[in-house]
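Q: Please take a close look at the salt bridges of this model. Which residues do they join, and where do those residues lie?

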Amino acid sequence: MDHEADAYRTDLMTITRFVLNEQSKYPESRGDFTILLSNIVLGCKFVCSAVNKGEEQKKLDVLSNDVFVKALVSSGRTSVLVSEEDEEATFVESSKRGKYCVVFDPLDGSSNIDCGVSIGTIFGIYTMNHTDEPTTEDVLKPGNEMVAAGYCMYGSSCMLVLSTGTGVHGFTLDPSLGEFILTHPDIKIPKKGNIYSVNEGNAQNWDGPTTKYVENCKFPTDGSPAKSLRYVGSMVADVHRTLLYGGIFLYPADKKSPNGKLRVLYEVFPMSFLMEQAGGQAFTGKKRALDLVPEKIHERSPIFLGSYDDVEEIKALYAMEEKKN
Ligand code: FBP
């Protein structure tokens with residue numbers, strides 16, 4: 001019997017155990033974050049099973065939003081919730097309030113649901129540093145004030161990728177145990193990649209720097225090989241691949257959508273938080289994405305994120321454009 005292998009196989013690092021270990025580093029912590037996260041994990045498990053049952057899109061959107069809102073409110077650890085599915089923010093009644101505010105997209109990549117292509121849930125977490133009535137000001141804060149972020153991808157496997165500010169870690173759902181087990185500790189994105197990910201269908205409406213950047217990906221002038229194009233059309237799937245393989249994911253602004261398509265609070269910020277924690281970077285075309293201060297809860301922003309060197313290239317093109325103007 002290979003005791004060492006069995007010892008490793010039986011030493012299950014579940015996401016709860018992992019976060020409890022993380023929390024034990026903060027003597028003042030009372031386990032509130034662990035309780036909050038366990039409710040987010042519950043929501044992800046529910047959506048994972050619903051996706052595998054092949055629920056149709058409309059129903060799945062509503063179902064997943066309901067489950068997350070109810071789980072987050074009943075956790076007793078939240079005060080403000082912002083969901084892609086709800087026009088207005090949810091303010092938790094005072095008896096059930098807690099110190100966290102959660103912004104989330106319960107089911108991202110909805111256009112891919114009915115064809116069974118990977119979709120996901122995206123979330124970001126802020127702390128509320130006062131005891132007055134919560135307002136949207138408690139979430140209309142820069143992304144660099146987030147304390148944690150993550151996504152759960154519902155694909156060939158169900159994977160939850162999380163950062164609490166000390167690196168990025170991937171947990172795969174073991175359906176037989178019903179537990180997320182640590183399978184990808186301390187994910188670091190390659191410094192440079194050979195993949196670019198963008199909806200080229202919008203190319204005719206792009207600005208100069210984006211057009212030039214994608215041109216360079218296809219026809220590099222520095223002798224380096226052309227990059228490969230990979231685009232699923234689900235941000236979670238495209239960002240997950242970028243995180244593991246390197247390269248760049250971009251959803252730029254264009255003449256039709258001057259602020260791009262993706263939402264700042266529950267798409268751009270969480271993915272930018274994870275990218276920076278993994279050694280990559282995230283840029284809006286003007287500034288570091290996490291330094292944005294949103295004015296509205298469903299605000300959109302252009303985004304370029306991925307390997308450090310690849311994002312540096314597009315930053316240089318926008319800086320040149322800036323100089324020209
Ligand atoms: P939803 O929130 O409506 O799903 O839109 C977000 C999204 O599906 C992202 O997951 C994806 O990156 C992007 O839109 C795809 O947009 P497009 O179809 O314009 O390329």
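A: Three exposure classes are used below: buried means under 20% relative accessible area, exposed over 50%, and partly exposed in between, with a 1.4 Å probe and protein chains only. The model is predicted, so local features need pLDDT of at least 70 and side-chain atom pairs count only at pLDDT 80 or more, while totals for chains, interfaces and linings use all residues. Residues are numbered from 1 along each chain as its sequence is written, and side-chain values use heavy atoms, leaving out hydrogens and water.

With a salt bridge defined as a side-chain nitrogen of Lys or Arg within 4 Å of a carboxyl oxygen of Asp or Glu, the whole structure has 17. One of them joins Asp309 to Lys191, with 2.6 Å between the closest N and O atoms. Asp309 belongs to helix α8 (residues 308-324) and Lys191 to the loop between β8 (179-184) and β9 (195-197), so this pair ties together parts 118 residues apart in sequence. Helices (H or I, at least four residues) and strands (E, at least two) are DSSP runs, numbered from the N terminus. Asp309 is partly exposed at 24%, whereas Lys191 is exposed at 53%.

Glu200 pairs with Lys218 at 2.9 Å between the closest N and O atoms. Glu200 sits in the loop between β9 and α5 (208-218) and Lys218 in helix α5, so the bridge ties together parts 18 residues apart in sequence. Glu200 is partly exposed at 23%, and Lys218 is partly exposed at 32%.

Asp291 and Arg288 form a further salt bridge, 2.8 Å from N to O. Asp291 is partly exposed at 29%, as is Arg288 at 34%. Finally, a network of salt bridges links Lys192, Lys227, Asp310 and Glu313.
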